[in-house]
Amino acid sequence: MKVKIVKIKGAKNVEEIRAEKMEMLKRNVLESCTRTIAEADAIAYAVSCDEKYVLELIARTLFNYAKRSSEDE
């Protein structure tokens, strides 16, 4: 019995799919960071404090959330 391997036009291999997912993840992370910085700036302006302080609070909160999530697994 002979098996013929046929590559379908437009079909993607696993590496191409993985690379696309990584690019999408990078893009989403960058967009999220940009939004977070803008939000921190707006919060800092609204409550009259330093935006670096607000960013530090956001970063600490995200870190604690990530730590809790990894402990739950």
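Leu 57 sits in helix H2. The model is predicted. Leu 57 counts as partly exposed because its relative accessibility is 34%, and partly exposed covers the range between under 20% and over 50%. Leu 57 also has a partner to look at in space: its C-alpha lies 9.3 Å from that of Ala 40, although 17 residues separate Leu 57 and Ala 40 in sequence.

Ala 40 belongs to helix H1 and is buried there. The other buried residues of H1 are Thr 36 and Ala 44. Helix H1 runs over residues 14–47, a count of 34 residues. From first C-alpha to last, H1 reaches 49 Å, close to the 50 Å expected at 1.5 Å a residue.

What comes between the two helices? Ser 48 lies in the loop between H1 and helix H2, which spans 51–72. Ser 48 follows just after H1 and takes a positive phi of about 55°. Most residues other than glycine have a negative phi. Ser 48 is not a glycine, yet its phi is positive. Ser 48 is exposed because its relative accessible area is 67%, and the cut-off for exposed is over 50%.

Two residues can be set side by side.

| Residue | Relative accessibility | Class |
|---|---|---|
| Leu 57 | 34% | partly exposed |
| Ser 48 | 67% | exposed |

Now the whole chain. The protein chain has two helices and zero strands. Of its 73 residues, 5% are buried. The chain exposes about 7,100 Å², and carbon and sulfur atoms supply 61% of that area.

Methods: Residues are numbered from 1 along each chain as its sequence is written. This is a predicted model: local features need pLDDT of at least 70, side-chain atom pairs count only at pLDDT 80 or more; totals for chains, interfaces and linings use all residues. Side-chain values use heavy atoms; hydrogens and water are left out. Helices (H or I, at least four residues) and strands (E, at least two) are DSSP runs, numbered from the N terminus. The expected span of a helix is 1.5 Å times one less than its number of residues. Buried means under 20% relative accessible area, exposed over 50%, partly exposed in between (1.4 Å probe, protein chains only). Accessible areas come from the Shrake-Rupley method with a 1.4 Å probe; for residues, only the protein chains shown count as cover.
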